[in-house]
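The following exercises introduce a protein structure step by step. Each task is followed by a worked solution.

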Amino acid sequence: MNRFRLIPWVLAGLGPGALTMPALAFVESAAGSPEACVTAPDAQARRDRVAQGLLPRVMFSGETAPASVQARMATHRVPALSVAVIRAGTLDWSAAWGRQQADGAAATCRSLFQAGSLAKPATVLAAWRMQQAGAIDLDADVDAYLTPWKLPAGRQDAEHPVTLRHLFAHTAGITPGGYEGYPRNAVLPTDLQTAQGLPPSNARKAEVLALPGTTLRYSGPGYTVAEIALQQHLKRPFESLMRTWLTGPVGMRHADFSQPAPREGEEHVALGHQADGQPVPGGWHAHPEQAAAGLWATPADLATLLIELRKGWLGTSTVFAQASVHDLLARPFEEHAYGFRLIGDGEQVFLTHYGGTVGYRAGMTLNLRSGDGAVFMANADSGMDLGMEFFAAVSDTYGWSSFGPTRVERAATPPADVLQSLAGRYGFEDGPVVEVVPEAGVLTLVFPNGDRYPLSPIKGLPRAFIHADTGVRASFDGEGEATTIQLYGDTGRRVR
């Protein structure tokens, strides 16, 4: 499978960069306080091992050692990290480190973060409950729920209408991409203005660019169309719908789709930070695109959702019908199920989703069979790398087969003439072109979105390399104009 189309799912734009961040104080919430984190009676040793054993995505033999959460937060310039770990279908422990903003209040397990695209699976699960109750039909033409506005004519037709199921599965053919959000003092667009690409919206117009049901393309605009349809059909604001159909029944105590700020106010909000450690102006961006990116939550909220989802899969939930959960997972498309990525195989398949908005990064994963999972939320643009190191440490501690670090042995740097011979532009079958550039004595991959991945030579295949921050591997074969690159399991060929 070609994964270039999936780069936005993994939050492309998180390229490496090292800027100095002010020193941070690291404070965990006190036991017994209203913000207290949870540790199961036998979980302390596991919690401590994770907290002291963060692992990078790539471990070079004889060079890399585990590090503490605090040390890696400082390296990544992340002011606050909040997490939850699930074991055998129950919350094993939760923790929070750092501060809601540099030199500000201590982060606690009660601190709220923007969840970014984790709003999408939450919306999907609410919609499945609506379907379960007969309130909507996921397979009806969505235009039946859009009044008076309709989707503009595009690749859809009478035999291939756009449905809510298509929209939630990212297979509607709707305009791809995500949302930038808006400064808190900005005038926010309505959902209709967003869908139509009208001022003051900064989004692209929602159009049906591919035949519905035939391609997988991540689409925030598709979720906005679904948001409009649900509100118009059920005649209630989106945040109210989500409280009724999801966050209330599941018991997500603090989760909230209100925009531009959570209903409970700013006292518990972990403010967003840029990659250099500086606060996002105004603290955060507002996301009126609620279904796509408008969720405020704690890791415990999201862990509660994952635990209830597993109960539904097992047939023991009073919230999610077993048939609905099985339907959700019955027809994966290119290793995705309604936005969830399916990572691993056999008994070790993890339902996984990541999220990011300006100043925030988040991720959650769950193995339905074992009941193991984890959630992280960070208030910095650089928080994804930290979160993946947390996942790696949890994987190592709990014996998962997924998310662990890639272990490699460094090779000698090839001579400059060999590096130069590999430079050039490489095209792939479905269109993307990456550039390979020698700079500062190393090869750098330059992706279409501008991300730059410096590569380290590794032993194994001849002319094999790896990006130390992400684990992305690249290897080269052939000579001269016939040189090819292996990347994400696909072959790229030189292009002029």
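Two residues are in contact when heavy atoms of theirs lie within 4.5 Å. The structure shown is a predicted model.

**Exercise 1. Determine how confident the prediction is along the chain, and which residues call for caution.**

Step 1. The chain has an average pLDDT of 91, and 93% of the residues score at least 70.

Step 2. Over residues 1–34, pLDDT stays under 50. The model has 88 contacts beyond four places in sequence for these residues.

Step 3. Where pLDDT is low, predicted coordinates should not be read in detail.

**Exercise 2. Describe the setting of H353: its element, its burial and its contacts.**

Step 1. H353 belongs to strand β10, which spans residues 350–357.

Step 2. The cut-off for a buried residue is a relative accessible area under 20%. H353 has 3% relative accessibility and therefore counts as buried. Its strand is mostly covered as well, since seven of the eight residues of β10 are buried.

Step 3. Residues up to four places away in sequence being set aside, H353 touches S117, L118, K120, P121, G339, F340, G363 and M364.

Step 4. For G339 there is a further detail: its backbone oxygen lies 3.2 Å from a polar atom of the H353 side chain.

**Exercise 3. Place β10 among its partner strands and give the order of the sheet.**

Step 1. On one side, β10 runs antiparallel to β9 (residues 340–343), and three bridges join the two. L342 has L351 of β10 as its bridge partner.

Step 2. β9 and β10 form a hairpin with six residues between them. In the turn, G344 has a positive phi of about 100°.

Step 3. β10 is also antiparallel to β11 (residues 360–367), to which eight bridges join it. Y354 stands opposite G363 of β11.

Step 4. The hairpin of β10 and β11 has two residues between the strands, and G359 takes a positive phi near 90° there.

Step 5. The open sheet consists of seven strands in the order β3-β2-β12-β11-β10-β9-β8, with antiparallel pairing. β3 and β8 (336–337) each have a single partner strand, so one side of each is left without a neighbour in the sheet.

Step 6. Elsewhere in this order, β2 and β12 (residues 373–378) pair in the antiparallel sense over six bridges. A84 stands opposite V375 in β12.

**Exercise 4. Find which residues of helix α1 are buried and what they pack against.**

Step 1. Helix α1 covers residues 44–51, and R46, R47, V50 and A51 are buried in it.

Step 2. Viewed down the axis of α1, these buried residues fall within an arc of 130°, so they line one face of the helix.

Step 3. The buried residues of α1 pack against two helices, α2 (69–76) and α11 (383–398), and against the strands β2 (80–87) and β3 (90–98).

**Exercise 5. Contrast the burial of A135 and R165, and state what each contacts.**

Step 1. A135 is located in the loop between α3 (119–132) and α4 (164–169), whereas R165 is in helix α4.

Step 2. A135 counts as partly exposed at 21% relative accessibility. R165, at 13%, counts as buried.

Step 3. Apart from neighbours within four places in sequence, A135 is in contact with M130, H233, L234 and W245. With the corresponding neighbours set aside, R165 contacts W128, L138, D139, D327, R331 and Y338.

Step 4. A135 and L230 are 95 residues apart in sequence, and their C-alpha atoms are 9.7 Å apart in space.

**Exercise 6. Locate the notable backbone geometry in the loops.**

Step 1. T147 and P148 are joined by a cis peptide bond with omega about 0°. P148 is in the loop between α3 and α4.

Step 2. The peptide bond from P199 to P200 is likewise cis, with omega near 5°. P200 is in the loop between α5 (191–196) and α6 (220–234).

Step 3. H170 is not a glycine, yet has a positive phi of about 65°. H170 is in the loop between α4 and β5 (182–183) and is buried, with a relative accessible area of 2%.

Step 4. K235, also not a glycine, has a positive phi of about 60°. K235 lies in the loop between α6 and α7 (238–250) and counts as exposed at 68% relative accessibility.

Terms used:
Residues are numbered from 1 along each chain as its sequence is written. This is a predicted model: local features need pLDDT of at least 70, side-chain atom pairs count only at pLDDT 80 or more; totals for chains, interfaces and linings use all residues. Side-chain values use heavy atoms; hydrogens and water are left out. Helices (H or I, at least four residues) and strands (E, at least two) are DSSP runs, numbered from the N terminus. Buried means under 20% relative accessible area, exposed over 50%, partly exposed in between (1.4 Å probe, protein chains only). A polar contact is a pair of N or O atoms within 3.5 Å; within protein, one must be able to donate a hydrogen and the other to accept it, and residues adjacent in sequence count only if both atoms are side-chain atoms. pLDDT is the predictor's confidence in each residue, from 0 to 100. The arc is that of the directions from the helix axis to the C-beta atoms. Two strands pair if DSSP finds at least two bridges between them.
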